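Here are some reading notes on the structure shown below, set out as a colleague might write them. Please keep the model open beside the text and look up each residue as it comes up.

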Amino acid sequence: MGNDQCPVALFTGATAGIGEAILKAYAKQHRDARIYFVGRNEASARKIIEDVREIWTDGQGGVENEGAITFIKADLTLLRNVQSVVEEVKRREGETSEHHDAPLVLTFYSRAYLTYGLLPLLRSSKTPNGARVISILAPGEEGPLYLEDLDLKDRHPTVIDWIFPEWLRRLTGLDPGYMMLRISHSVIMTTLFFEELARRERERIQEAHSTTETAPDVLGHGGGKAGVSFLHVYPGLVKTKEFERGDFPAALKFFFTWIMLPLITPIAVAAEKVGESVASMAKDKRFGLSRSAEGEQAGAAELGSDRVRGSGSYCLSWDGRRMVKDNVLEALRKKGASELLWEHLVEGFGGLDAMTVE
Ligand SMILES: NC(=O)c1ccc[n+]([C@@H]2O[C@H](COP(=O)([O-])OP(=O)(O)OC[C@H]3O[C@@H](n4cnc5c(N)ncnc54)[C@H](OP(=O)(O)O)[C@@H]3O)[C@@H](O)[C@H]2O)c1
């Protein structure tokens, strides 16, 4: 983002864990950045602001650069708060009751609306390889998707119900089948939404090229015409406080903290390592948007989530490898899932229509 030369980045979920690690790595890599981060925990936010200032001043106390960091306090399980965040960032960057499933809003809808609402700013970015939207979730975890109930108003049967039947769910207050379904929905909707945004972005860029003779090449030359690309990233297993802090029932917290976390420790990845890698993806030209599907500029780019090189929508592991269940997505695309999702976001869910993006 950003209309001037400074890189501008907005982070959600960065007052802790993976998001915090990415934010700090980004701050190290962009010492003149304007950083916004959104969350609820003000104490953590204050500490992060101190840490970033420390990074920018090399611990010497003197101001060495023009970087700025701003915390925006908001609970992102409420879509009206997402709208306020969009307005707040737009205002600062100089551009002119809900009944939804909270975790699903947090992992998909709030990110989708933030992305959509900030598209005009992202498009005006002059960053050389194009602006980026990065959502840390779980590509590769695609499973079932109920096309007629995308926001999961109903409790659908799942395979896990065989080993976790209703009486056990009632007894423990846990519903692992529904949790898995929610992850699967968020994951697939993220990828399909990103693909649709990237498709629109390619069309917009191609149009710009056909009408402006002097337009620069899209991949690698910038000038505000490099477009926006969209990355859905799996962070690997990262030991964060997610399980202790999350709104999980006590039994599940106990299970994760005392049984699962010690078991995964040997294969877990350090949040800082994930942070460094993901922050680098924000400028890596392999994850940009190429001029056309088979365009001359596509060679340097990675294979998109739709299997088209340089398409502008990527599903990746934290270290940059392509990661997605192609067969699941392909079957859904054939059923018109992308169009249904777009309609759902614009009309059914009542959010995108409130935000105008030319
Ligand atoms: N850890 C893993 O192994 C792993 C694996 C696969 C995928 N993921 C995904 O990666 C993402 C980050 O996970 P993490 O482990 O870094 O989590 P974490 O350490 O628990 O951090 C969660 C972040 O989200 C913010 N947040 C939570 N609820 C919020 C709300 N209602 N409104 C605004 N902000 C909110 C928190 O900030 P405040 O408390 O300040 O609001 C915090 O900054 C999640 O989507 C997770 O599902 C994690």
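The points that follow go from the whole chain to its cores, then to the ligand, and end with one helix.

1. Please keep in mind that this is a predicted model. The chain has 358 residues, of which 51% are buried, and its secondary structure comes to twelve helices and six strands. Its accessible surface is about 17300 Å², and carbon and sulfur atoms account for 53% of that area.

2. In soluble globular proteins, nonpolar side chains tend to be buried together. In this chain the largest nonpolar core has 49 residues, and within that core Tyr109 and Phe193 have the most contacts. The element that gives the most to this core is helix α7, residues 176-211, which supplies nine residues. There is also a second, separate core of 36 residues, with Ala271, Val274, Tyr314 and Leu316 among them.

3. Which residues are closest to the ligand? They are Thr15, Arg40, Asn41, Leu76 and Thr240, out of 26 residues that surround the ligand. Sorted by class, this shell consists of twelve nonpolar, eight polar and six charged residues.

4. Several polar atoms of the protein can be followed to the ligand one by one. In the side chain of Asp75, an N or O atom is 2.7 Å from a nitrogen atom of the ligand, while a polar side-chain atom of Arg111 lies 2.9 Å from a ligand oxygen atom. At Gly236 the partner belongs to the backbone, where a polar atom is 3.3 Å from an oxygen atom of the ligand. Taken alone, the ligand exposes 900 Å², and the protein buries 86% of that area. The elements that give two or more residues to the shell are α1 (17-29), α4 (102-117) and α8 (242-245).

5. Helix α11, residues 326-334, is a good place to practise reading a helix from its side chains. Which of its residues are buried? Asp326, Val328, Leu329, Leu332 and Arg333 are buried in α11. Because these residues cover an arc of only 165° around the axis, they lie on the same side of α11. The general pattern behind such a face is that an α-helix has 3.6 residues a turn, so residues three or four places apart point the same way. On the face of α11 turned away from its buried side are the exposed residues Asn327 and Lys334. Just after α11, Gly336 takes a positive phi of about 80°.

Key
Residues are numbered from 1 along each chain as its sequence is written. This is a predicted model: local features need pLDDT of at least 70, side-chain atom pairs count only at pLDDT 80 or more; totals for chains, interfaces and linings use all residues. Side-chain values use heavy atoms; hydrogens and water are left out. A residue is near a molecule or strand if one of its heavy atoms lies within 4 Å of it. A polar contact is a pair of N or O atoms within 3.5 Å; within protein, one must be able to donate a hydrogen and the other to accept it, and residues adjacent in sequence count only if both atoms are side-chain atoms. Accessible areas come from the Shrake-Rupley method with a 1.4 Å probe; for residues, only the protein chains shown count as cover. Helices (H or I, at least four residues) and strands (E, at least two) are DSSP runs, numbered from the N terminus. Ala, Val, Leu, Ile, Met, Phe, Trp, Tyr, Cys and Pro count as nonpolar, Asp, Glu, Lys and Arg as charged, and the others, Gly among them, as polar. A nonpolar core is a set of buried Ala, Val, Leu, Ile, Met, Phe, Trp, Tyr and Cys residues joined through side-chain atoms within 4.5 Å. Buried means under 20% relative accessible area, exposed over 50%, partly exposed in between (1.4 Å probe, protein chains only). The arc is that of the directions from the helix axis to the C-beta atoms.
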